[in-house]
Amino acid sequence: MIEIKNLHKSYKMGSNSLHVLKGIDFSVAEGELVAIMGSSGSGKSTLLNILGMLDTADSGDYVLDGVPIENLNETKAAQYRNKFLGFIFQSFNLINYKSAMENVALPLYYQKVNRKERQEKALNYLERVGLKQWATHLPSELSGGQKQRVAIARAMAAEPKVLLADEPTGALDSKTSYEVMDLIQKINDDGNTILVVTHEEDIAEMCKRIVHLKDGVIVEDKKVEQVRASAYV
Amino acid sequence: MFNRDRWNEILQVLTANWFRTVLTAFGVFWGIFILIILLAAGKGLENGIRADFGNIATNTMFMWTQNVTKAYKGLPKDRNFNFKVDDVDAIKRSVPGLRYISPRNQSGGFQGAGNVIRGMKSGSFQIYGDYPEIIRQQPMDITSGRFINYSDIREKRKVAVIGTDVRKSLYDLGETVLGSYIKVNGVNFMIIGTYHKSNTDGNADAQKDIYTPFTTFSQVFNRADNVGWMAITAVDGTPITGIKEDVFSVLKERHSIHPEDIRAIGHFDLFEQFSRVVRLFGALEFIAYFVGVLVLLSGIIGVSNIMLIVVKERTKEIGIRRALGEGPWSIKKQILMESIFLTIISGMAGIVFGALLIYGINYILEMNGPVDMFVNPNVNLGVVVVALIILIVSGLLAGFIPANSAIKVRPIEALRTE
């Protein structure tokens, strides 16, 4: 599903440049649930941003679902993001003047799905994350866990190939974190490919594979026995 | 364009901060309001002055003889000369593009004290010997009877058309005027009509003239074939100013006047005066547009500023939208549409309020009677269309910089802002 080879990325900081990713080789198959771990500064967020086409690599190949991702202009990148990727952020990033349903429907709007179908789908996904009765509420009226579940519904609404979660539980208490992870595991059970960036050991354990990054290189890539989050809920 | 979600969003964004939106809108509102009012005021002035010109054939000049100032062909300077009746035909033959030539003789006025008598009453009035065409060159309303016609000219009838003020001084109220006689310099004339000039140019004596047939006048007052004065009107589309020199040349030739003697023939070029006034209106309109558009410009800068702030405030939101797959063009369009929408709505309000104010002014003018040189201020539909085009263009301009700055930030940086 994801295939990257010899990925390099450095940032210019005034006169000296900071080499963040030093040749990453990495691939993800369909249906995997991968945790990317590492301390801050290890390059895990940069990697996720490049995978999410929010940032571009200096060199290296990136093939997503058989499509080489290169020479992207903004319009094309936006199309690919919309078609291939769903984002789940640490700070939820819901649009605060839109209701839960409108937020979920947003990626479908960019796909030019008609209004009625959009609403049906949005409601459907909200139901899947258990928030159907909150559809008309604004994000400010929802709790942190509910917001993240709306964000997950939004990420899935466009039926992307890959879900990218950047510290999805970073702003949540542990009970809510496990609820969110439970949801992510269920989504994965349905066959969706998911990448989770985290620095929390217990969250990583709930994935099927853990990739450790340190100073811009992969130091460890292992399959793990998945801990079901439902045990904690 | 007609996308419900886009419009929903525009309304959501603009109503999110009512006070700010209204303040911003006010700048544009004020600009277009001033533009409309200035244009209407200019139009009112123009209408007023045009009304003063009335329905005079403005493509007209009046000319008369003066003293010759240059010796020529053995003739001395400082001599007098007169136009002759034959000159009229000569001019008609030699100068194309003329519509009317009305020769005139006159007597009386302030020098002729008591020149007109009727029974026990008398008065001093200006007496004209005129051709029928003069009524098209110096319009007057015939209030009763008729004006001079060509039968009068041919048969040299002793008939006269008098002004309302003449009638007032010579007749009692209710007396029959038509068919009665007055004595002008000892000669009886029958009254065949009365006139009233609606446009007097501030001339208090405008209603105190007596018109008689040119031929009658020449005969009974011994003017022989002399002509004192001529009104010459050119056909529409040929400015009299352009061909008046041809007329003068013909006359100079016929009266042995030096071709460069510019003071021998006096004239008043109504068309030139009128063109000057028309140019003044052009200048007024230009000033109205200039001032109005500049005021509008400051309003537009206001809109642009606020849009920049809105974009800044929404940086993160825009980042999220882009992460979800909204294209840069869609974002640009959204911001441009917000800007145009705001500009047009406030501009329309300005147009409506301006129109209401003009309506009010017209109402007051109607209630209080006419004011000098100011009639019916108005803006026509063309101006409103122009204003709308200005608004759409300015909305685009106002949104352009903010829209560009919205997509200039990379999505990843936009997402990081708080």
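This is a quick talk about how chain B meets chain A, and about the second largest pocket.

First, housekeeping. It's a predicted model, where local features need pLDDT of at least 70, side-chain atom pairs count only at pLDDT 80 or more, and totals for chains, interfaces and linings use all residues. Residues are numbered from 1 along each chain as its sequence is written, chains are lettered from A and ligands numbered from 1 in the order in which they are written, and side-chain values use heavy atoms, with hydrogens and water left out.

Okay, the interface. We've got 26 residues of chain B in contact with 24 of chain A, contact being heavy atoms within 4.5 Å. How many salt bridges between chain B and chain A? The count is 3, with a side-chain nitrogen of Lys or Arg within 4 Å of a carboxyl oxygen of Asp or Glu. One of them joins B:Glu9 to A:Lys98, at 3.0 Å, N to O. On chain B's side, H1(B) gives the most, with 7 residues; helices here are DSSP runs (H or I, at least four residues), numbered from the N terminus.

Now the second largest pocket, about 610 Å³. For the record, a pocket is an open set of points on a 1 Å grid over the protein atoms alone, where a 1.4 Å probe fits, with protein on both sides within 12 Å along at least five of seven lines; lining residues have an atom within 4 Å of a point. The volume is the space filled by probe spheres set on the points, which are joined across faces, edges and corners. There are 25 lining residues, and those closest to the centre are A:Asn96, A:Tyr97, B:Glu313, B:Arg314 and B:Glu317. H10(B) gives the most to this lining, with 4 residues.

Methods: Helix = DSSP H or I, 4+ residues; strand = E, 2+ residues; numbered from the N terminus.
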